[in-house]
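Trainee: I'd like a close look at one part of this model, the sheet and what packs around it. Could you walk me through it?

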Amino acid sequence: MDCLFCKIIAGEIPSAKVYEDEMVYAFKDISPIAPIHYLIIPKVHISGASAIDESNSKYVAHIFEVAAKIAADEGFADGYRVITNCGEDAGQSVHHLHFHVLAGKKMGWSADSGV
């Protein structure tokens, strides 16, 4: 499979690991749009949010548990955002389900700003 995130999980492409367990891998985004910008990805290949179903939804629940744990451990639990993009029109550039965790600044709401 020629998936960037699968290669990161396999250790074929280096990344700055933030967290890892048997189900997910979290690492620093290489093009951050906030002072804290992590990606949390399932270790199984799921192409995106539209491919979530009863056989793999446990990964999504676990990703949110891990996001809360990372936020608490790193001291930003009082303000962070979790985002996933579904499809190219929404900005999904890697077709492996992933969630952006953004923090470290006050955020507004704009579809163009990304934050």
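Trainee: To start with, which residue in E5 is the bridge partner of Leu39?

Mentor: Keep in mind that this is a predicted model. The residue you're after is His100, which partners Leu39 from E5. That bridge belongs to the pairing of strand E3 (residues 36–42) with strand E5 (residues 99–103), an antiparallel match joined by five bridges. Zoom out and you get an open sheet of five strands, ordered E1-E2-E3-E5-E4, again with antiparallel pairing. E1 (17–20) and E4 (80–83) sit at the edges with a single partner strand each, so one side of each has no neighbour in the sheet. On average, neighbouring strands are turned by 20° against each other, ignoring direction.

Now add helix H2 (residues 57–74): it lies across E1, E2 (24–28), E3, E4 and E5, and runs at about 150° to E3.

Rings come next, and the count is five aromatic pairs. Take Phe64 and Phe99: their ring centres are 5.4 Å apart and the planes stand at 70°, over the 60-degree cut-off, so this pair is edge-to-face. It ties helix H2, home of Phe64, to strand E5, home of Phe99, across 35 residues. Phe99 is buried at 5% relative accessibility, whereas Phe64 is partly exposed at 41%. Phe76 and Tyr80 also pair edge-to-face, because their planes are at 80°, with centres 5.8 Å apart. Here Phe76 is buried, with a relative accessible area of 5%, while Tyr80 is partly exposed at 31%. Finally, look for the aromatic cluster formed by Phe5, Tyr25 and Phe27.

How values were computed:
Residues numbered from 1 in each chain as written. Predicted model: local features only at pLDDT ≥ 70, side-chain atom pairs only at ≥ 80, totals over all residues. Heavy atoms only, no water. Pairing = 2+ DSSP bridges. Helix = DSSP H or I, 4+ residues; strand = E, 2+ residues; numbered from the N terminus. Axes fitted to C-alpha atoms, helices over the stretch in contact; angles between N-to-C directions. Contact = heavy atoms within 4.5 Å. Phe/Tyr/Trp six-rings, centres within 6.5 Å; stacked < 30°, edge-to-face > 60°. Buried < 20%, exposed > 50% of the residue type's maximum accessible area, 1.4 Å probe, protein only.
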